[in-house]
Amino acid sequence: MICPIIKLAKQLIRCPSISPNDKGCQEIIIEHLYSIGFTIEKLNFGDTQNLWAWRGTGKTLVFAGHTDVVPSGNQKFWNTPPFKPTIHNGMLYGRGAADMKGSLAAMIVAAERFVFYNKDYKNRLAFIITSDEESHAINGTVKVIETLKMRNEQLDYCIIGEPSSTKYIGDVIKNGRRGSITANVCIYGIQGHVAYPDLIDNPIHRIIPILNELILIKWDYGNKYFPPTSMQIVNIQSGIGVNNITPNELLVQFNFRFSSEITDVFIKDRIESLLQYKKINYTIKWYLSGQPFITKCGILINTVIDTVEHYSKLTPQLSTSGGTSDGRFISTICSQVLELGPVNSTIHKINECVSISDLQILSLMYERIMKKLIL
């Protein structure tokens, strides 16, 4: 008989839920949760489907995740079709297997076991699930959290099923994430013939020394929770495609992953002060995708460490590395947020896969966390 976790994971993988399209995943999840007594509320915004589900009252443990996946790319490079779940050598293959439909299946089945054996637990178990984590993250978890805040909901603990592990299940748990802010800068000049430099103002020449100066800045030294702030130039666009005309504008985009030692306001002020000091003619648009957040040692961290040690026989490393996650939104209403999920070595890649035995262990971990925090 097929394991219920793998059965559910395969059902979810079959849905081609490229962000922000859910493609029926949440209806599958709703069917499972409704059958064990959860109250289901669909909180859909724009093109995004969201699910808020709960069972019980009192102290609240939330499991959070997303049904959307990144595109598969050219399917001819996959060994098997990305939306046709396939098992080979103990691995489940398919887009979203590791990020994060496997985690969702492990959560749901853990909840089913927990409720079956503990029907009258005294607290609240809940789920926040979105279809807009891999895309713009505009109408997903952030809107759900805004809704819950307006209702004065209290969330005590949150586990996000993002693929946090690196080599072994549970070897790394994320107890925070850096902030992320992107600058989109347009530098203006005067177009003209390259042979008449006195009649032109080349924005490429203007920006190069400034970018070099930005690259050399030591923004901070980090702290015990976060590595130092980093800046990366990600896009530069200019020119009209011929070799004898200078451009009249240049677009440059750079991103900061910043620690809690500085703020987005500090970054903005320093960048714009530098551009003004250099007498640059510019416009700038900022996009703040998330503030840094951290969960410090406490009940949730201790519970998760104990659980990982129990099943994996190793002590997990606490980390804030990697990109952003929906934890940045949930942390505004819940002070203890952690990410615990599968090995991340194949996420967003061709032939994405997850270990079947890892998903089974992960589900046991989730169930044990439920028992320790809300039973």
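The following legends describe close-up views of a predicted model.

**View 1. A three-stranded open sheet with antiparallel pairing.** The 3 strands are arranged in the order 4-5-19. Strand 4 (86–88) and strand 19 (353–355) form the edges, each pairing on one side only. On average, neighbouring strands are turned by 25° against each other, direction ignored. Strand 4 is joined to strand 5 (residues 91–93) by 3 bridges, and H88 has M91 of strand 5 as its bridge partner.

**View 2. Helix 9 packed on the sheet.** Helix 9 (residues 356–374) touches strand 4, strand 5 and strand 19. The direction of the helix makes about 65° with that of strand 19.

**View 3. The aromatic pair of F63 and Y366.** The model contains 9 aromatic pairs. In one of them, F63 and Y366 meet edge-to-face, with 5.3 Å centre to centre and 75° between the planes. This pair links distant parts of the chain, as F63 lies in strand 3 (residues 60–66) and Y366 in helix 9, 303 residues apart. F63 is buried because its relative accessible area is 0%, under the 20% cut-off; Y366 is likewise buried, at 0%. Ring pairs link F38, F63, F127 and Y366 into a cluster.

**View 4. The aromatic pair of F254 and F256.** The rings are edge-to-face, 6.0 Å centre to centre, with 80° between the planes. F254 is buried at a relative accessible area of 3%, and F256 is buried at 0%.

**View 5. Charged ends over aromatic rings.** The charged end of K119 lies over the ring of F116, 4.5 Å from its centre. That of R270 lies over the ring of W219, 5.1 Å from its centre.

Technical notes
Residues numbered from 1 in each chain as written. Predicted model: local features only at pLDDT ≥ 70, side-chain atom pairs only at ≥ 80, totals over all residues. Heavy atoms only, no water. Pairing = 2+ DSSP bridges. Helix = DSSP H or I, 4+ residues; strand = E, 2+ residues; numbered from the N terminus. Axes fitted to C-alpha atoms, helices over the stretch in contact; angles between N-to-C directions. Contact = heavy atoms within 4.5 Å. Phe/Tyr/Trp six-rings, centres within 6.5 Å; stacked < 30°, edge-to-face > 60°. Buried < 20%, exposed > 50% of the residue type's maximum accessible area, 1.4 Å probe, protein only. Lys NZ or Arg CZ within 6 Å of the ring centre and 35° of its normal.
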